[in-house]
Amino acid sequence: MKRVLLFVLPILIIVTTVFTFFGIIQVAFEKERLLDDLKRKTRSVAESMELSVKHALLSGNRKDANYLAERFQARERFQGCVIYDAQGKVIAITPRFESWKEKEKPYLRSLIEHKLTRGEPEQFQELSVYSYILPILNDDGTTLGLVEIIHDTAYVFTRLGALWRGISITLIILVVLILLITFLIQRHIFVTPVQRLTEWFLHFQKGETNEKHPIKEKGVLGRLANEVEQIALSLRVARRSISDEAQVRLQKEDLWTESKLRNFIHAKLGENEFFVVSNREPYMHVIDEEMAKPQCVRPASGVVTALHPILCACGGMWVAHGSGNADKKFVNSKDKLGVPSDDILYILKRVWLNKEEEAGYYFGFANEGLWPLCHITHTRPIFRETDWQMYKKVNQKFADSIIEELPTQSPFIFIQDYHFTLLGKMIKERRPDATIALFWHIPWPNPEIFSICPYQEEILEGMLGCDLIGFHVQNHCNNFLDTANRLLESRVDTEKFSVVRFGKETFVRSFPISVNGYSTQTDRKSEPLRQVKKIKEEFDLQDKIVVVSVDRIDYTKGLIERVLAIDRFIEKYPHYKKKVVFIQLAAPSRTHIKRYHDLISEIDELVEKKNWKYLEGSWKPIIYLKKHFSPEDIYPYYLLADICIVSSLHDGMNLVSKEYVSCKKDLSGALILSQFTGASRELTGAVLINPYSIEEFADKIRYTIEMPLDEKKKRMENMRRQVLEHNIYRWAADIVNELVALKKI
Ligand code: G6P
């Protein structure tokens with residue numbers, strides 16, 4: 001529009017100037033014509049009265065004279081007549097001009113003497129009038145008197161006003177027409193062809209159309225279209241060869257690496273874009289209270305640990321809740337930013353939630369409802385109707401935010417976790433061509449437990465909007481199929497491992513999640529060995545057996561049980577006093593929920609009590625570090641740990657165990673792992689524990705400490721092989737492979 005205005009403005013200025021100029025001339029002519037007309041009219045009226053006035057003057061009959069003057073009172077325009085005698089004295093006057101008598105008229109005498117006529121514009125009160133005076137002569141040529149006709153000239157100006165209005169309206173209509181025609185012409189000759197060329201370009205370079213470009217003309221636009229066609233073709237060829245090369249390279253490599261996954265995704269998904277959705281974002285910007293300036297934080301989250309390397313490998317877009325208090329400062333006008341900031345590999349799109357939405361959807365329904373429902377830890381789930389409504393609203397908000405990003409053809413959307421059970425169905429309703437997978441990062445309970453959820457049907461229906469649902473272990477898949485079978489009208493196919501509802505089939509598969517080469521990534525960014533030395537000095541760890549645990553503070557992680565087991569271990573095997581140190585790295589989490597808030601105080605109190613119980617000199621058994629740790633901060637603790645303990649009461653997988661193993665390149669260290677984690681199925685070299693059995697737990701700590709070095713190495717080697725071979729790149733590739741096979745995308 002701006003461009004049209006720029007183009008049309010000079011034309012409008014010229015048209016307006018010419019119109020105004022001719023308008024002024026026309027009005028001046030019209031004015032002159034009307035005044036002339038008036039003069040003629042006044043003169044002829046005066047002349048038509050000459051005889052009657054002569055008689056009245058000759059007879060000296062005032063009545064006749066008055067009659068003649070008063071007749072003007074009834075005339076429609078403001079008109080009047082004055083009759084003077086031979087001395088210039090008024091003898092009759094139209095009543096509405098009564099005060100005209102008072103007006104000084106020095107010219108009368110001369111008119112009478114010289115028998116002259118006079119026509120002049122005059123002022124009467126507020127009015128402009130025209131006065132015409134005619135001398136009345138006797139037969140002998142003497143002057144009997146005068147007759148004066150007065151006529152209001154206002155109608156002349158009214159007519160001129162109307163003329164100006166007419167000219168202005170015509171000018172406005174002309175301007176609008178010029179604007180409209182220019183707009184339509186430029187749309188026809190410029191905008192529409194360029195739009196069609198752009199559309200064609202987008203589809204052609206992706207190989208979605210083989211048609212020739214739509215510009216038929218030969219001129220400048222035709223030349224531009226030909227150039228664009230060349231570029232589109234080169235792009236198409238380049239894309240194709242990347243994809244072919246990817247196929248070839250793929251067949252050569254064995255172990256799954258970042259580049260192998262990248263090639264694989266290119267080969268399998270081609271130009272289908274990759275979208276990941278999760279509640280937790282991979283990077284949060286928060287204002288550091290001490291330094292009062294924004295800091296970029298990597299949240300403690302299994303989802304983030306797993307998905308970040310995949311996005312780094314394949315690019316794409318990650319849509320997540322922008323929960324950092326400085327997040328808004330770092331996004332562009334579309335709420336997006338490129339990450340990692342020092343080497344941009346993918347796009348993070350932040351979705352904003354207000355306090356009520358976050359409270360209802362995240363703290364309420366997801367974490368007080370679904371989280372305890374799915375974890376068997378004997379924490380009662382709380383389902384509030386208001387939370388459910390917010391949960392639905394937020395799922396819809398995410399669906400809208402994703403849909404506006406989707407390309408026109410077959411996008412691939414990878415939804416994460418229990419925060420978005422309704423998202424699959426919501427997206428599918430509007431984009432049936434999208435391929436959607438949901439990965440459930442936590443356990444799935446059996447149907448009896450799930451059936452206590454008041455919104456079971458809508459949740460299952462929402463999930464079945466996806467094409468594929470992944471769980472960590474087969475047992476969770478079985479539980480899900482049982483749940484769908486029992487609680488929903490659907491057909492479960494136990495051969496294909498799928499659920500069919502209303503003709504839509506959803507496949508259910510287990511994909512044990514994993515980590516990337518944790519050490520290779522962190523090695524680049526810090527100096528871990530220097531850090532190890534520093535930590536050892538700070539906590540006086542020389543010659544000590546160091547046991548490390550890393551957790552979010554969550555009741556599912558078995559932190560209390562761990563402290564009780566350490567207590568029992570020292571109680572039972574006191575010779576280990578001053579020889580063993582337990583370091584707990586604990587990141588506060590979901591602290592607005594009472595259960596979590598209480599847990600923090602409970603752990604604080606318990607650690608304090610047990611440390612006090614065994615305090616000897618500078619030694620205390622537990623070093624409890626309660627704060628957020630970045631992956632780089634955690635790495636040296638894994639390196640120095642002789643043992644790592646993971647004692648979750650229930651855990652979908654638990655990536656800390658796999659991170660620890662993948663850091664131990666020198667095969668040192670040992671893992672004590674809860675039998676209730678998904679990881680315990682794969683990490684068979686770990687020492688398994690039941691965290692509820694404190695006595696057994698304490699004994700297993702001793703058993704692990706005293707395990708012969710060779711055995712430790714063997715176990716570690718075995719676990720490392722498992723993690724390296726089944727790393728996160730393979731996990732992502734398995735999911736994509738399954739989708740490609742199922743959906744033939
Ligand atoms: C679990 C969930 C994740 C979540 C993580 C951290 O691993 O499966 O979805 O991101 O906990 O929890 P938070 O509530 O802090 O995101």
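Two residues are in contact when heavy atoms of theirs lie within 4.5 Å of each other, and with that in mind the tour of this predicted model can begin at Trp-731. Select Trp-731 and display its surroundings: leaving aside residues up to four places away in sequence, it touches Leu-307, Ile-310, Phe-414, Phe-439, Phe-511, Pro-512 and Ile-513. Now widen the selection to the largest nonpolar core, which has 170 residues, and in which Leu-261 and Trp-731 touch the most other members. Apart from this core lies another one, of 28 residues, and Leu-144, Val-147, Ile-149 and Tyr-155 are among them. In soluble globular proteins, nonpolar side chains tend to be buried together.

Next, colour the chain by domain. The assignment gives domain 1 as residues 2-157, domain 2 as 202-252 and domain 3 as 527-731, and if you place a marker at the C-alpha centres of domain 2 and domain 3, the two markers will be 55 Å apart.

Then turn to the sheet. Select its 10 strands, which form an open sheet with mixed pairing, and follow them across in the order β10-β11-β9-β6-β12-β13-β14-β17-β16-β15. At the edges you will find β10 (336-339) and β15 (491-493), each of which pairs on one side only. Looking from strand to strand, neighbours in this sheet are turned by 20° against each other on average, direction ignored.

Within the sheet, zoom in on strand β12 (residues 412-416) and strand β13 (residues 435-439), which run parallel and are joined by 5 bridges. Here Gln-416 stands opposite Phe-439 in β13, and Phe-439 is also one of the residues that Trp-731 touches. Add helix α10 (residues 423-430) to the view: this helix packs on the sheet and touches β6 (274-278), β12, β13 and β17 (504-510), while its direction makes about 175° with that of β13.

Stay on helix α10 for the charged side chains. Lys-425 and Glu-429 form a salt bridge in which the closest N and O atoms are 3.9 Å apart; because the two residues are 4 residues apart in helix α10, about one helical turn separates them. Lys-425 is partly exposed, with a relative accessible area of 32%, whereas Glu-429 is exposed, at 56%.

What does Glu-281 form a salt bridge with? Select Glu-281 together with Arg-350, since these two form the bridge, with the closest N and O atoms 2.7 Å apart. This pair links distant parts of the chain, for Glu-281 is in the loop between β6 and β7 (284-288), Arg-350 is in strand β11 (residues 346-351), and their positions lie 69 residues apart in the numbering. Glu-281 is buried, with a relative accessible area of 0%, and Arg-350 is likewise buried, with 1%.

Move next to helix α1 (residues 2-59), where Arg-33 and Glu-30 both lie, 3 residues apart, or about one turn of the helix. Their side chains meet in a salt bridge of 2.8 Å, N to O, and Arg-33 is partly exposed, with a relative accessible area of 41%.

For the last stop, select Asp-567, Arg-568, Glu-571, Lys-572, Lys-610, Lys-613, Glu-695 and Asp-699, which are linked in a network of salt bridges. If you wish to continue, a search of the whole structure finds 48 salt bridges.

How values were computed: Residues are numbered from 1 along each chain as its sequence is written. This is a predicted model: local features need pLDDT of at least 70, side-chain atom pairs count only at pLDDT 80 or more; totals for chains, interfaces and linings use all residues. Side-chain values use heavy atoms; hydrogens and water are left out. A nonpolar core is a set of buried Ala, Val, Leu, Ile, Met, Phe, Trp, Tyr and Cys residues joined through side-chain atoms within 4.5 Å. Buried means under 20% relative accessible area, exposed over 50%, partly exposed in between (1.4 Å probe, protein chains only). Domain bounds come from an automatic or database domain assignment. Two strands pair if DSSP finds at least two bridges between them. Axes are lines fitted to C-alpha atoms, for helices over the stretch in contact, and angles run from 0 to 180 degrees between N-to-C directions. A salt bridge is a side-chain nitrogen of Lys or Arg within 4 Å of a carboxyl oxygen of Asp or Glu.
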